[in-house]
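User: Please take a close look at one part of this model, the interface between the two chains. A connected account is preferred to a list.

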There are 2 protein chains.
Amino acid sequence: MPEHSSGNSLLYLTDEQLRQGIEAMYFAYRGFTADPDRILGTMAYGRAHHRAIHFIKRAPGTTVTNLLAILGVTKQSLNRVLRALIEDGLVESQVGSSDRRERNLFLTEAGEALENRLSEAQRTRMRAAFRDAGPEAVAGFRKVLESMMDGDMKRRYASLRENGQ
Amino acid sequence: MPEHSSGNSLLYLTDEQLRQGIEAMYFAYRGFTADPDRILGTMAYGRAHHRAIHFIKRAPGTTVTNLLAILGVTKQSLNRVLRALIEDGLVESQVGSSDRRERNLFLTEAGEALENRLSEAQRTRMRAAFRDAGPEAVAGFRKVLESMMDGDMKRRYASLRENGQ
DNA sequence: ACAATACGTCAGCTTTGTTGACACTCCAAG
DNA sequence: CTTGGAGTGTCAACAAAGCTGACGTATTGT
């Protein structure tokens with residue numbers, strides 16, 4: 001690789017530029033989680049509950065094993081969160097119809113309500129950022145984020161996109 | 001939902017698009033932290049140590065209070081991390097010259113070595129993602145991330161950029 | 001009948017965050 | 001020169017959310 005075959009086209013790959021990208025990612029992620037965290041802080045829930053609720057809303061009827069794979073945590077860790085949500089009546093766990101070993105997870109009305117509050121806060125920030133930056137910037141944003149995922153997660157994300165579309 | 005007044009120009013602001021942005025952010029952040037986490041997992045350190053090391057490298061001689069403001073954690077939490085790093089000889093804490101209440105923090109040689117290992121792993125992934133996506137996408141990525149930060153963090157990020165450049 | 005799968009749970013450990021209380025050093029203002 | 005307050009460090013106690021390992025139960029498929 002010749003040092004600067006086309007000058008400008010490689011300038012953005014200097015270590016300084018990469019470091020700025022790293023720090024931008026760090027600070028932006030904190031902004032990204034700030035609003036839901038504030039809401040959750042007023043109740044007995046945390047980020048883990050938010051994630052569970054999000055993906056149950058996303059794929060109603062999903063099984064525990066599937067959720068485990070998406071979230072990438074242990075059964076015990078997820079179970080603690082899920083148990084609280086079920087006890088509090090935000091999530092319903094139904095015995096699977098075809099395979100009765102499985103549990104299909106759904107949000108109750110109360111669960112949907114909380115999900116809405118949380119995701120609306122997050123969407124509002126995302127919407128503002130997207131509007132601010134414009135469509136082309138958004139396309140670039142998505143492109144870089146997808147490249148930055150691990151292989152596994154890229155697959156999970158892709159399968160979610162198919163379902164959602 | 002037939003709300004597409006001007007079609008394409010607003011398409012990226014539908015709830016579905018926003019949700020995809022949210023999920024992309026979630027999965028990408030996990031990729032972003034995966035490599036350093038793997039390295040740190042082999043020692044007695046975690047993400048908190050990485051963050052401290054990163055910002056000390058970034059602004060050598062920084063004070064504890066300044067680090068506190070950047071990281072947004074409590075004194076006690078940071079102190080626990082810092083104490084471990086100092087005891088292990090990765091960070092040096094020098095009494096301030098002008099104000100002797102302050103402690104100026106520096107990386108030792110061993111600290112620099114670890115910082116390099118960690119940030120090189122992170123830069124490698126970021127570099128690949130940037131190269132994959134291209135310069136325009138990178139510009140968009142940065143633009144959206146900056147818009148997504150909280151006011152406070154945007155200021156911290158901006159001041160870091162000034163110093164770094 | 002038996003092995004494998006899906007799920008739940010108990011016990012115990014780690015990291016990283018939190019509050020609250022307290023002490024020390026030092027600078028600056030009265 | 002004393003005193004108030006800022007910067008720092010430390011103790012204790014606790015919580016959230018991750019982890020491993022082990023075990024039990026129900027169900028399914030071979």
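Analyst: Phe141(A) is the residue of chain A that comes closest to the rotation axis, its C-alpha lying at 1.9 Å. The model is predicted, so local features need pLDDT of at least 70 and side-chain atom pairs count only at pLDDT 80 or more, while totals for chains, interfaces and linings use all residues. Residues are numbered from 1 along each chain as its sequence is written, chains are lettered from A in the order in which they are written, and side-chain values use heavy atoms, without hydrogens and water.

A turn of 180° with a shift of 0.0 Å along the axis lays chain A on chain B with an RMSD of 0.1 Å (least-squares superposition on C-alpha atoms of residues with pLDDT of at least 70 in both copies). The two copies are therefore related as by a two-fold rotation axis. The same surface serves both, since 98% of the contact residues of chain A recur in chain B.

Contact (heavy atoms within 4.5 Å) joins 62 residues of chain A to 61 residues of chain B. About 6400 Å² is buried between the chains, 68% of it on carbon and sulfur atoms; this is the accessible area (1.4 Å probe) lost on being put together, summed over both parts.

Eight salt bridges are counted between the chains (a side-chain nitrogen of Lys or Arg within 4 Å of a carboxyl oxygen of Asp or Glu). One of them pairs Asp15(A) with Arg127(B), with the closest N and O atoms 3.6 Å apart. On the side of chain A that touches chain B, α2(A) gives the largest share, 20 residues (helices are DSSP runs of H or I, at least four residues).

Note on methods. Buried area = accessible area lost by both parts, 1.4 Å probe. Helix = DSSP H or I, 4+ residues; strand = E, 2+ residues; numbered from the N terminus.
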